[in-house]
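Let's take a walk through this model together. Have the viewer open and follow along.

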Amino acid sequence: MLEVQVKEEYAAVLEPLQESVDAALRQYAIEKAKTRVLELEQLLQQHEERYGCSYDLFTYRTTTDEEFVKRLDADPATQQWEGDLISWEFDVEELRQWRRRLQRLLTA
């Protein structure tokens with residue numbers, strides 16, 4: 001368990017309310033996690049709309065379909081696909097982590 005240092009005057013007031021404080025912190029953490037999950041889902045949706053497919057399919061196609069890569073490179077709107085792929089991968093992994101965190105909070 002992580003401990004947080006609080007000023008003595010706050011601790012004295014909050015100690016009798018420990019259960020309520022725990023519940024409030026849990027609820028706050030759940031709301032923050034849900035917000036982050038939604039933000040990341042929106043980012044992923046933007047990538048999917050831009051490239052017309054999911055991350056997994058995009059990764060597969062860029063590694064196996066030379067014509068697909070040529071079309072991406074030829075279109076000014078998608079010439080930055082390699083940078084987008086890196087961001088996309090990061091966002092996918094971050095979403096997985098936040099979903100795991102949220103699940104742990106919801107089942108705790």
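**Rings first**

There are six aromatic pairs in this structure, where a pair means Phe, Tyr or Trp rings (for Trp, the six-membered one) with centres within 6.5 Å; planes under 30 degrees apart are stacked, over 60 edge-to-face, and the rest tilted. One of them is phenylalanine 58 with phenylalanine 68, edge-to-face at 5.8 Å centre to centre and 80° between the planes. Because phenylalanine 58 sits in helix H3 (residues 55-64) and phenylalanine 68 in helix H4 (residues 66-74), this pair ties together parts ten residues apart in sequence. Helices here are DSSP runs of H or I, at least four residues, numbered from the N terminus.

Phenylalanine 58 also makes an edge-to-face pair with tryptophan 81, at 6.2 Å centre to centre and 75° between the planes. Both of these residues are buried, meaning under 20% relative accessible area with a 1.4 Å probe and protein chains only. Zoom out, and ring pairs link Tyr51, Tyr55, Phe58, Phe68, Trp81 and Trp88 into a cluster.

A word on ground rules: this is a predicted model, so local features need pLDDT of at least 70 and side-chain atom pairs pLDDT 80 or more, while totals for chains, interfaces and linings use all residues. Residues are numbered from 1 along each chain as its sequence is written, and side-chain values use heavy atoms, leaving out hydrogens and water.

Now hop to glutamate 94 in helix H5 (residues 81-107). At 15% relative accessibility, glutamate 94 counts as buried. Setting aside neighbours within four places in sequence, glutamate 94 is in contact (heavy atoms within 4.5 Å) with Arg36 and Leu40.

Technical notes:
Helix = DSSP H or I, 4+ residues; strand = E, 2+ residues; numbered from the N terminus. Buried < 20%, exposed > 50% of the residue type's maximum accessible area, 1.4 Å probe, protein only.
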